[in-house]
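Hi there,

Here is the structure I promised to pass along. Have a look at it first, and my notes follow below.

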Amino acid sequence: MRSTPQAKERADAFFGPVNARQDAVLSRYPSELLQQLETVLTQLRSTMDTQLTQQAGDE
């Protein structure tokens, strides 16, 4: 799958400002806290993945 130049332009127009805003928010927090948050989110995702795998096995 390949995107067209127009699709890239639209994506850049949307995600460029969004990424800048997200970077501004994240820059307010110490890296240690962000690493802890990443750990929590990773663990939460793992629990969801486990549940989905178990449900798929039950079907």
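What radius of gyration does the protein chain have, and what would a compact globule of 59 residues have? The chain comes out at 18 Å, whereas a compact globule of 59 residues would be near 10 Å. Please keep in mind that this is a predicted model.

The overall picture

The secondary structure consists of 2 helices and 0 strands. Helix H1 covers residues 5-26, and helix H2 covers residues 31-58. Along the principal axes, the C-alpha trace spans about 45 × 40 × 10 Å.

How much of the chain is buried? The share of its 59 residues that count as buried is 0%. The exposed area of the protein chain is about 5,800 Å², with 57% of that supplied by carbon and sulfur atoms.

Two pairs of residues give a feel for the distances between the helices. Leu-26, which belongs to helix H1, is 24 residues from Thr-50 in sequence, and their C-alpha atoms are 29 Å apart in space. Glu-38, in helix H2, is separated from Ala-11 by 27 residues in sequence and by 25 Å from C-alpha to C-alpha. As for accessibility, Leu-26 is partly exposed at a relative accessible area of 41%, while Glu-38 counts as exposed at 53%.

Charges and salt bridges

The protein chain carries 6 positive and 8 negative side chains, and the centres of these two sets are 12 Å apart. Side chains of opposite charge can pair when their charged atoms come close. How many salt bridges does a search of the whole structure find? It finds 2.

One of these salt bridges joins Asp-12 to Lys-8, with 2.7 Å between the closest N and O atoms. Both residues sit in helix H1, 4 residues apart, which is about one turn of the helix. Asp-12 has a relative accessible area of 41%, so Asp-12 is partly exposed. Lys-8 also counts as partly exposed, because its relative accessibility is 49%.

The other salt bridge is between Asp-49 and Arg-45, where the closest N and O atoms are 3.5 Å apart. This pair lies in helix H2, again 4 residues apart, or about one turn of the helix. Is Arg-45 buried or exposed? Arg-45 is exposed, because its relative accessible area is 56% and the cut-off for exposed is over 50%. Its partner Asp-49 counts as partly exposed at 35% relative accessibility.

A nonpolar patch

Which residues make the nonpolar surface patch? The patch is made by Leu-37, Val-40, Leu-41, Leu-44 and Met-48, and its area is about 470 Å². Leu-41 is found in helix H2, residues 31-58. With a relative accessible area of 49%, Leu-41 is partly exposed, because the exposed class begins over 50% and the buried class lies under 20%.

To recap, the chain has 2 helices and 0 strands, a radius of gyration of 18 Å, 0% of its residues buried, and 2 salt bridges.

Happy to talk it over whenever it suits you.

Best wishes

Key
Residues are numbered from 1 along each chain as its sequence is written. This is a predicted model: local features need pLDDT of at least 70, side-chain atom pairs count only at pLDDT 80 or more; totals for chains, interfaces and linings use all residues. Side-chain values use heavy atoms; hydrogens and water are left out. The radius of gyration is taken over C-alpha atoms; the globule rule is 2.2 Å times the number of residues to the power 0.38. Buried means under 20% relative accessible area, exposed over 50%, partly exposed in between (1.4 Å probe, protein chains only). Accessible areas come from the Shrake-Rupley method with a 1.4 Å probe; for residues, only the protein chains shown count as cover. Lys and Arg count as positive and Asp and Glu as negative; His and the chain ends are not counted. The place of a charge is taken as NZ of Lys, CZ of Arg, CG of Asp or CD of Glu. Patches are made of residues with over 30% relative accessible area and no salt bridge: like charges are joined within 9 Å, nonpolar side chains (Val, Leu, Ile, Met, Phe, Trp, Tyr) within 5 Å. A salt bridge is a side-chain nitrogen of Lys or Arg within 4 Å of a carboxyl oxygen of Asp or Glu.
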